[in-house]
Amino acid sequence: MLKLFFNRSSFMVAFMNGVAAFEMGWLIWRAWTGKSSLGAATLFLMVSWWGINLLNWIPWYPENKDSDGKPAKLGIRLHFHKCVVPIGYILTLAFTLKLLGASELAMLPFGLLFLPIFYVAGILLYFHFRDRSSLTPGYFSHNFYLKDKDPTCTP
């Protein structure tokens, strides 16, 4: 049962992420038509949804392909893929409350939950852009070295 709700590749996680996107669009439509307003906390949550999903969609290591030919989820790409799980659930709840009339002050705790996620994402991106290694991400942790005939790095 936990695999259904919390596996990063499960249908439920993708569904909740889609529900959050739908609710975000509904909130934008309501603000556009003048039926409600969007405050700073709600806008931050919307930017957070776009930011985490954008980081997840970027193929950080395009040369690594899985068995289906898609870019593999290795290294920081795996971390960003795992970040979709909490944002799907948190933002679905937050946007539902906003649609039901919650104030901007009620949206603030949801925004605070994203600060550690962005902090870790910033650190990972910093080290990703500084890394000059030619090794495949997860080379040792995924035991890729056992499949290589010749070592990939030279002394």
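**Figure 1. The whole chain: five helices and zero strands.** Starting at the N terminus, the elements read α-α-α-α-α; helices (H or I, at least four residues) and strands (E, at least two) are DSSP runs, numbered from the N terminus. This is a predicted model, where local features need pLDDT of at least 70 and side-chain atom pairs count only at pLDDT 80 or more, while totals for chains, interfaces and linings use all residues. Residues are numbered from 1 along each chain as its sequence is written, and side-chain values use heavy atoms, with hydrogens and water left out. Of the 155 residues, 34% count as buried, with buried meaning under 20% relative accessible area, exposed over 50%, and partly exposed in between (1.4 Å probe, protein chains only). The accessible surface of the chain adds up to about 9900 Å², and 69% of that belongs to carbon and sulfur atoms; the areas come from the Shrake-Rupley method with a 1.4 Å probe, and for residues only the protein chains shown count as cover. Among contacts (heavy atoms within 4.5 Å) with a separation of 6 or more, 65% join residues 24 or more positions apart.

**Figure 2. Where α2 meets α3.** Helix α2 (residues 11-32) packs on α3 at an angle of about 140 degrees, with 11 Å between the axes. Axes here are lines fitted to C-alpha atoms, for helices over the stretch in contact, and angles run from 0 to 180 degrees between N-to-C directions. That makes α2 oblique to α3; angles under 35 degrees count as roughly parallel, over 145 as roughly antiparallel, 65 to 115 as roughly perpendicular, and the rest as oblique. The two cross in a left-handed way, a crossing being left-handed if the near helix is turned anticlockwise from the far one by less than a right angle, and right-handed if clockwise. On the α2 side, look for Asn 17, Ala 20, Ala 21, Met 24, Leu 27 and Ile 28; on the α3 side, for Thr 42, Met 46, Trp 49, Trp 50 and Asn 53. Sorted by type, that is eight nonpolar, three polar and no charged residues. The sorting takes Ala, Val, Leu, Ile, Met, Phe, Trp, Tyr, Cys and Pro as nonpolar, Asp, Glu, Lys and Arg as charged, and the others, Gly among them, as polar.

**Figure 3. α3 against α4.** Helix α3 (residues 40-57) and helix α4 (residues 76-99) have axes 9 Å apart and pack at an angle of about 155 degrees. So α3 runs roughly antiparallel to α4. Their crossing is left-handed too, going by the way α3 passes α4. From α3, the residues in contact include Leu 45, Trp 49 and Ile 52, and from α4 they include Phe 80, Ile 87 and Phe 95. The tally for this contact is 13 nonpolar, four polar and two charged residues.

**Figure 4. α4 against α5.** The angle between these two helices is about 170 degrees, and their axes lie 11 Å apart. They are therefore roughly antiparallel to each other. Among the α4 residues that take part are Ile 76, Cys 83, Pro 86 and Leu 97, facing an α5 set that includes Met 107, Phe 110, Ile 117 and His 128. By type, the contact holds 19 nonpolar, two polar and two charged residues.

**Figure 5. Close-up on Met 107 in α5.** With 0% relative accessibility, Met 107 counts as buried. Setting aside residues up to four places away in sequence, Met 107 touches Ala 41, Thr 42, Leu 45, Ala 94, Leu 97, Lys 98 and Ala 102. Leu 91 is 16 residues away along the chain, with 9.8 Å between the C-alpha atoms. Also in view is Ala 40 of helix α3, which is 67 residues from Met 107 in sequence and 9.2 Å from it in space, C-alpha to C-alpha. Ala 40 is exposed, at a relative accessible area of 65%.

**Figure 6. Trp 60 and His 128.** Trp 60 sits in the loop between α3 and α4 and is buried, its relative accessible area being 14%. Not counting residues up to four places away in sequence, Trp 60 touches Leu 55, Ile 76, Arg 77, Phe 80, Leu 125, His 128 and Phe 129. Leu 74 is 14 residues from Trp 60 in sequence, and their C-alpha atoms are 8.7 Å apart. His 128 belongs to helix α5 (residues 104-130) and counts as buried at 18% relative accessibility. Beyond neighbours within four places in sequence, His 128 is in contact with Trp 60, Tyr 61 and Ile 76.
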